[in-house]
Amino acid sequence: MDKSSARAKSEEASAQIAFDDNQLVQQLAGARSSHLKIIEKQLDVRIHLRGNQFSIAGEEAHVELTERLLAELADLIQKGYPVYDSDIVYAIRILSENLNRNLKDIFLDHVFISSHKRTISPKSVKQKEYIEAIRHYDVVFGIGPAGTGKTYLAMAMAVAAMTKELVRRIVLVRPAVEAGEKLGFLPGDLAEKVNPYLRPLYDALHDMMDYEKASGLLQRGAIEVAPLAFMRGRTLNDAFVILDEAQNTTSEQMKMFLTRLGLGSKAVITGDITQIDLPDNKPSGLVEAMQLLEGIRDIRFVFFSNIDVVRHRLVQEIILAYERMEQRRIQPAT
């Protein structure tokens, strides 16, 4: 064994943490120790479970994080939260940013969807901030990369608001950029014309509501899914309005949308300013709104980053790879 290997081995730390409740220990470990395997892989530690005691070995910082993680997860389980494999990854990410973060403050902030008798909870600090912003502000901008839950959480909050009768209707809007001025020449009725551009909104809606109930609300107009162009000239009262893919709005479209808001209404605007599909000579209405409106007290901006991605773990790495490529493009050659 060389000197560097001996030194690395001597710097290893260990810790033990035990729990009195055997059922709690089993839930912490996961089916076939799936939770422990994820922790070992993510934090490069070794965990041995014997009886009701977890023994942890590895780098000191990682051992400390693992010990804190198990304690926080145990607290969540005792509060009735069902911890899944994906939650382990999110919890590690949250505590890696701030070891003193209380996971209960984030994971136990439920958005209750009564139609499916299910709850949706934030999976990152920014998602928690986003939900809080939607609760307390009438206009909220959620800006960041794909997979951070911007639209999904806004939809959950909208369905919950309708369930509690805080609003009378939900309006889901997207700019149909690819269709341009040709929208009126496409065959079929309105739904058939714009369906390809609005499909992601329908998908999120049906994930939170029974298909029959959602269809009934759509037919009655209590839920409306429409391209942004069809908002012109309207005033939306007692409505929860979501504008998705807002980076593809023009300046005029963004102003038009924001001035549709009526009494008792709430608007959530989501977008990714790195994915603008407008022609080069058309500035993004979302980028302009960020510059014009950020100082207004009752409008809230929440900015997500790649660390808030809650899709497949590879999505975060893919976003980082593209960001690095973009940085190389804009850096001048030396």
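How many cavities of 30 Å³ or more does a search of the whole structure find? The search finds one. The structure is a predicted model.

## The cavity

The largest cavity holds about 40 Å³ of space. Its lining consists of Val-139, Leu-236, Val-241, Phe-257, Leu-258, Arg-260, Leu-261 and Ala-267. Sorted by class, seven of the lining residues are nonpolar and one is charged. No polar residue takes part in the lining. Arg counts as charged, so Arg-260 is the charged residue in the lining of the largest cavity.

## Aromatic pairs

A pair of aromatic rings is described by the distance of the centres and the angle of the planes. The count for this model comes to five aromatic pairs. One of them joins Tyr-81 and Phe-107. Their ring centres are 5.5 Å apart, and the planes meet at 75 degrees. The Tyr-81 and Phe-107 pair is edge-to-face, because planes over 60 degrees apart count that way.

Where do the two residues sit? Tyr-81 is in the loop between helix 4 (60-78) and helix 5 (85-97). Phe-107 belongs to helix 6 (residues 103-107). The pair therefore ties together parts that are 26 residues apart in sequence. Tyr-81 has a relative accessible area of 6%, so the residue is buried. Phe-107 is buried too, with a relative accessible area of 0%.

## A stacked pair and its cluster

Phe-301 and Phe-303 form another pair. Here the ring centres are 6.1 Å apart and the planes lie at 10 degrees, so the pair is stacked. Are these two residues buried or partly exposed? Phe-301 counts as buried, at 8% relative accessibility. Phe-303 is partly exposed, with a relative accessible area of 32%. The cut-off for buried is under 20%, which means that Phe-301 falls below it and Phe-303 does not.

Phe-141 joins the picture as well. Ring pairs link Phe-141, Phe-301 and Phe-303 into a cluster.

## Helix 3

Which residues of helix 3 (residues 34-43) are buried? They are Ser-34, His-35, Leu-36, Ile-38, Ile-39 and Leu-43. The cover over these buried residues includes helix 2 (22-29), helix 4 and helix 5. Strand 2 (46-50) and strand 3 (53-59) are also part of that cover.

Asp-44 follows helix 3. The phi of Asp-44 is positive, near 55 degrees.

Technical notes. Residues are numbered from 1 along each chain as its sequence is written. This is a predicted model: local features need pLDDT of at least 70, side-chain atom pairs count only at pLDDT 80 or more; totals for chains, interfaces and linings use all residues. Side-chain values use heavy atoms; hydrogens and water are left out. Rings of Phe, Tyr and Trp (its six-membered ring) pair if their centres lie within 6.5 Å; planes under 30 degrees apart count as stacked, over 60 as edge-to-face and the rest as tilted. Helices (H or I, at least four residues) and strands (E, at least two) are DSSP runs, numbered from the N terminus. Buried means under 20% relative accessible area, exposed over 50%, partly exposed in between (1.4 Å probe, protein chains only). On a 1 Å grid over the protein atoms alone, a cavity is a set of points where a 1.4 Å probe fits but cannot get out, and a pocket is an open set with protein on both sides within 12 Å along at least five of seven lines; lining residues have an atom within 4 Å of a point. Grid points are joined across faces, edges and corners, and a volume is the space filled by probe spheres set on the points. Contact means heavy atoms within 4.5 Å.
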